[in-house]
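Grab a coffee and open your viewer: here are some exercises to work through with a structure in hand. Try each task yourself before reading the solution.

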Amino acid sequence: MAEMGSKGVTAGKIASNVQKKLTRAQEKVLQKLGKADETKDEQFEQCVQNFNKQLTEGTRLQKDLRTYLASVKAMHEASKKLNECLQEMYEPDWPGRDEANKIAENNDLLWLDYHQKLVDQALLTMDTYLGQFPDIKSRIAKRGRKLVDYDSARHHYESLQTAKKKDEAKIAKAEEELIKAQKVFEEMNVDLQEELPSLWNSRVGFYVNTFQSIAGLEENFHKEMSKLNQNLNDVLVSLEKQHGSNTFTVKAQPSDNAPAKGNKSPSPPPDGSPAATPEIRVNHEPEPPSSATAGASLPKSPSQPTESPAGSLPSREPSSAEGTFAVAWPSQTAEPGPAQPVEASEVAGGTQPAAGAQEPGETAASEAASSSLPAVVVETFSATVNGTVEGGSGAGRLDLPPGFMFKVQAQHDYVATDTDELQLKAGDVVLVIPFQNPEEQDEGWLMGVKESDWNQHKELEKCRGVFPENFTERVQ
């Protein structure tokens, strides 16, 4: 009998709950359709919005704090491995080995202490702060259900009162249910209206305490870590002093194909072929004749630039249009031997300079440089190629641009990376001309105009541009 009684109570409670859900659903539908009025409290709704915002911010803060703690733990592991590596490399006979090991141990303890204090003073406090939100959230939801019950009871009571055929017993029962629903709703509503504003205002103090704790712990941690780092630095300085005689400075070795300093450096050809033969170029231009001597005097050093002779290009950075020394240093493994000077007649491209194009001073300078530098290859690109000496044919011809020096042909495609550069395709012929301002010329770059563009436009301003010399080959 007892079991049947308990089953009956349970079944009755389930039926009551189902009936309440149906009544609430019906009431909400009527309210949405506008057939029943809804009790609203704008002040309470604002408190609920603040509560939801506070819950979202707190959840995000908790997530980011856990991420921060995970990062601290990862840094601890990385620092521990780094110190273990130092301990393994530190040889027993080196000074300060015991001090270095002690510093590593203190470093590990400091990381552990920092992580644990963050958990105790920040993460646990954060968890406690957020622990109160689920209960309040469920009470807000329950308050909303009780409000629907109150509105439903009120509408039922009003409908019985306005009915044509009144039933006093039903009206009395409906009034009793209305009073009961109103009492339950008002009790929950009053409690939440007191708690929600207080909870909203408490967020400021909680944020202040949390971030103050994190900032203070981090400050102390870095102070202590700074002391350990300073101690480690002192140990390593003492090691360096004792083994100073075995210390060697490691310097970066320059690459054979590294370009000289300048605003631009030409890129290597795309097919992987060498951009240019590694060489040291030394300016070699004869000084103008003085009143005391009939010929050009010999410069003090082949590397000293001198003034340009009359009719040649203006003095600027070494380029293919000027007379230069190309010094090819022998390999380090080559056997030493006497330097064999090369005849000055061996010029780039295998062409011989015109008769009288090389001044006596240049010949003397070439011989001097050949005797003083190892394996010197003398390139005597005479300035006569621009037509200033050879009958003036280059400067005076109408089918060539002013100042024309020589022709080159592109061996590889070159994609221009700036507005002042030429776009080249393999096979393009370029007419090389001097720079308007010699100081603007960079090592490894030439100024020119494509022959096809010149034949079509005859305007330097529109057609000329710079291009990398190592992408081309001289053809004339």
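The exercises below go from the whole chain to helix packing, then to a sheet and a few single residues.

**Exercise 1. The chain as a whole**

Task: Describe the chain by its secondary structure, burial, surface and contacts.

Solution.
- Step 1: Keep in mind that this is a predicted model.
- Step 2: Count the elements; the chain has 9 helices and 8 strands.
- Step 3: Turn to burial; 33% of the 476 residues count as buried.
- Step 4: Look at the surface; about 30200 Å² is exposed, and 53% of it comes from carbon and sulfur atoms.
- Step 5: Sort the contacts with a separation of 6 or more; 70% of them link residues 24 or more positions apart.

**Exercise 2. Three helices**

Task: For helices H2, H4 and H5, work out how each pair is oriented, using the cut-offs of under 35 degrees for roughly parallel and over 145 for roughly antiparallel.

Solution.
- Step 1: Start with H2 (residues 42-89) and H5 (residues 168-242), which pack at about 15° with axes 10 Å apart. An angle under 35 degrees counts as roughly parallel, so H2 and H5 are roughly parallel to each other.
- Step 2: Take H2 with H4 (residues 133-161); their axes cross at roughly 150° and come within 12 Å. Angles over 145 degrees count as roughly antiparallel, and H2 and H4 are therefore roughly antiparallel to each other.
- Step 3: Find the residues behind this H2–H4 contact. H2 contributes Phe44, Val48, Phe51, Gln54 and Leu55, while H4 contributes Phe133, Ile136, Lys137, Ile140 and Arg143.
- Step 4: Finish with H4 and H5, whose axes are 8 Å apart at an angle of about 150°. H4 and H5 are therefore roughly antiparallel to each other.
- Step 5: Add the handedness. The crossing is left-handed for H2 and H5, left-handed for H2 and H4, and left-handed for H4 and H5.

**Exercise 3. A residue among the helices**

Task: Decide whether Asn189 is buried or exposed, and list its contacts beyond four places in sequence.

Solution.
- Step 1: Locate Asn189, which sits in helix H5.
- Step 2: Compare its relative accessible area with the cut-off. Buried means under 20%, so Asn189, at 11%, is buried.
- Step 3: Set aside neighbours within four places in sequence; Asn189 is then in contact with Asp41, Phe44 and Arg143.
- Step 4: Link this to the previous exercise. Phe44 of H2 and Arg143 of H4 also belong to the contact between those two helices.

**Exercise 4. Building a sheet**

Task: Put strands S4 to S8 in their order across the sheet and characterise the pairing.

Solution.
- Step 1: Begin with S4 (residues 406-410) and S5, which run antiparallel and are joined by 4 bridges. One anchor to find in the viewer is Gln409, whose bridge partner in S5 is Val429.
- Step 2: Go to the other partner of S5. Strand S6 (residues 445-450) is joined to S5 by 4 bridges, again antiparallel, and Leu431 has Val449 of S6 as its bridge partner.
- Step 3: Return to S4, which 3 bridges join to S8 in an antiparallel run. Here Val408 stands opposite Arg474.
- Step 4: Assemble the pieces. The 5 strands form an open antiparallel sheet in the order S7-S6-S5-S4-S8. Its edge strands are S7 (465-468) and S8 (472-474), each pairing on one side only. Neighbouring strands are turned by 50° against each other on average, direction ignored.
- Step 5: Check the burial of S5 (residues 429-433). Because 4 of its 5 residues are buried, S5 is largely enclosed by the rest of the structure.

**Exercise 5. Two residues to compare**

Task: Describe the surroundings of Val449 and the backbone and accessibility of Lys458.

Solution.
- Step 1: Val449 lies in strand S6 and is buried, with a relative accessible area of 0%.
- Step 2: List what Val449 touches beyond four places in sequence: among others Pro401, Leu422, Val430, Trp454 and Cys463. Leu460 is also touched; it is 11 residues away in sequence and 7.3 Å away in space, C-alpha to C-alpha.
- Step 3: Move to Lys458, in the loop between helix H8 (451-457) and helix H9 (460-463). Lys458 has a positive phi of about 60° although it is not a glycine.
- Step 4: Classify Lys458; at 39% relative accessibility, this residue counts as partly exposed.

Terms used: Residues numbered from 1 in each chain as written. Predicted model: local features only at pLDDT ≥ 70, side-chain atom pairs only at ≥ 80, totals over all residues. Heavy atoms only, no water. Buried < 20%, exposed > 50% of the residue type's maximum accessible area, 1.4 Å probe, protein only. Pairing = 2+ DSSP bridges. Axes fitted to C-alpha atoms, helices over the stretch in contact; angles between N-to-C directions. Contact = heavy atoms within 4.5 Å. Areas by Shrake-Rupley, 256 points an atom, 1.4 Å probe, with all protein chains shown as cover. Parallel < 35°, antiparallel > 145°, perpendicular 65-115°, else oblique. Left-handed = near helix turned anticlockwise from the far one by under 90°.
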